[in-house]
Amino acid sequence: MIRVWSKDQPFGTEVAEVTISAGKLSAMGAAIGIDPLPYRLEYDLTTAERYVTARLVVRARGDNWQRVLELERSASGAWSSRTDADGSPDLAPPGGDLAAVAGALDCDLALSPLTNSMPVLRHGLHQHAGQADFLMVWVSVPDLGIHPSRQRYTFRSRDPGARIVCFQSLDTEFVADVTFDDCGVVVNYPGIAHRIA
């Protein structure tokens, strides 16, 4: 399936080709953004069983700079990363302290509605009542930094074609009721993105 999202503040757009089958998710996507400087981003995501992140490769580039982050989670649960950067944009260096995300099952690519699917699908939170807390490996963009992010997902309601799950950041004040489709992919994420195709 191909999904396209529009992002209003900060402005941007994202398109992803997503495959969900037999408890696994894979996706290739591209996005553009303007904050804190104009950039183009491409990513390749694969999960292991139960939608647990196996590998995320992200490439970002702008005027006279580019950088790459390769993030992997082994079957034993250990995270590893490799980074590369060319040019000198006014951005923090890519990568980060992997010890701070020990125990995390999922990556969370900033401003991308796609990576919210994995924890929701794993726990069926778009299908039935429940609540779950997670430690996520949050990847900031466009610098591609690695950060811990504690998040809570709570089932709200289920209607044909519209499943509402409340997202709450446990590190900030951010809360949003996110709409998912029947497949567990975001339709509308207030303050982040909404699907346009």
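Five aromatic residues, F134, Y153, F167, F174 and Y189, come together in one aromatic cluster. They make a good place to start reading this model, which is a predicted one. Across the structure there are five aromatic pairs. One of them joins F134 to Y153 in an edge-to-face arrangement, with the ring centres 5.6 Å apart and 75 degrees between the planes. This pair links distant parts of the chain, since F134 sits in strand β9 and Y153 in strand β10, 19 residues apart. Y153 also pairs with F167, again edge-to-face, at 5.4 Å centre to centre and 80 degrees between the planes. Here the link runs from Y153 in strand β10 to F167 in strand β11 (residues 162-169), 14 residues apart. Are these rings buried or exposed? F134 and Y153 are both buried, and F167 is buried as well.

Y153 is a handy stepping stone to the interior. The largest nonpolar core has 49 residues, and Y153 is one of those that touch the most other members, together with L41, Y43, L56, L71 and L144. Strand β9, residues 131-139, is the biggest contributor to this core, giving five residues. In soluble globular proteins, nonpolar side chains tend to be buried together.

To see what one of these well-connected core members looks like up close, select L41. Setting aside its neighbours within four places in sequence, L41 is in contact with G29, A30 and A31, with V58, R59 and A60, and with L109, V141 and L144. Among those partners, L144 is another of the core residues that touch the most other members.

Now turn to the charged side chains, where eleven salt bridges turn up in the whole structure. Strands β9 and β10, already met through the F134 and Y153 pair, are joined by one of these salt bridges too. R152 and D133 meet through their side chains, with 2.7 Å from N to O. Because R152 lies in strand β10 (residues 146-159) and D133 in strand β9, this salt bridge ties together parts that are 19 residues apart in sequence. Both partners are partly exposed: R152 has a relative accessible area of 23%, and D133 stands at 44%.

A second salt bridge connects E70 and R82, whose closest N and O atoms are 2.7 Å apart. E70 belongs to strand β6 (residues 65-73) and R82 to strand β7 (residues 79-86), so the pair ties together parts that are twelve residues apart in sequence. How buried or exposed are E70 and R82? E70 counts as buried, at 18% relative accessibility, while R82 counts as partly exposed, at 41%.

Next comes a bridge between E42 and R40, at 2.9 Å from N to O. E42 is partly exposed, with a relative accessible area of 27%, and R40 is partly exposed too, at 34%. Finally, R3, D181 and R195 are linked in a network of salt bridges.

For a change of scenery, look at a loop. G23 is placed between β2 (12-21) and β3 (24-33). Is this loop glycine buried or exposed? G23 counts as buried, because its relative accessibility is 18% and buried means under 20%. Not counting residues up to four places away in sequence, G23 touches A48, E49, R50 and Y51. P10 is 13 residues from G23 along the chain, and their C-alpha atoms are separated by 33 Å.

With those details in hand, step back to the whole chain. Its secondary structure comes to one helix and 14 strands. The radius of gyration is 16 Å, close to the 16 Å that the globule rule gives for 197 residues, so the chain is as compact as a globular protein of that length. Taken along the principal axes, the C-alpha atoms fill a box of roughly 50 × 40 × 35 Å.

Buried residues account for 50% of the 197 residues. The accessible surface comes to about 9,100 Å², and carbon and sulfur atoms supply 50% of that area. As for how the chain meets itself, among contacts between residues at least 6 apart in sequence, 44% join residues at least 24 apart.

Methods: Residues are numbered from 1 along each chain as its sequence is written. This is a predicted model: local features need pLDDT of at least 70, side-chain atom pairs count only at pLDDT 80 or more; totals for chains, interfaces and linings use all residues. Side-chain values use heavy atoms; hydrogens and water are left out. A nonpolar core is a set of buried Ala, Val, Leu, Ile, Met, Phe, Trp, Tyr and Cys residues joined through side-chain atoms within 4.5 Å. Buried means under 20% relative accessible area, exposed over 50%, partly exposed in between (1.4 Å probe, protein chains only). Helices (H or I, at least four residues) and strands (E, at least two) are DSSP runs, numbered from the N terminus. Contact means heavy atoms within 4.5 Å. A salt bridge is a side-chain nitrogen of Lys or Arg within 4 Å of a carboxyl oxygen of Asp or Glu. The radius of gyration is taken over C-alpha atoms; the globule rule is 2.2 Å times the number of residues to the power 0.38. Accessible areas come from the Shrake-Rupley method with a 1.4 Å probe; for residues, only the protein chains shown count as cover. Rings of Phe, Tyr and Trp (its six-membered ring) pair if their centres lie within 6.5 Å; planes under 30 degrees apart count as stacked, over 60 as edge-to-face and the rest as tilted.
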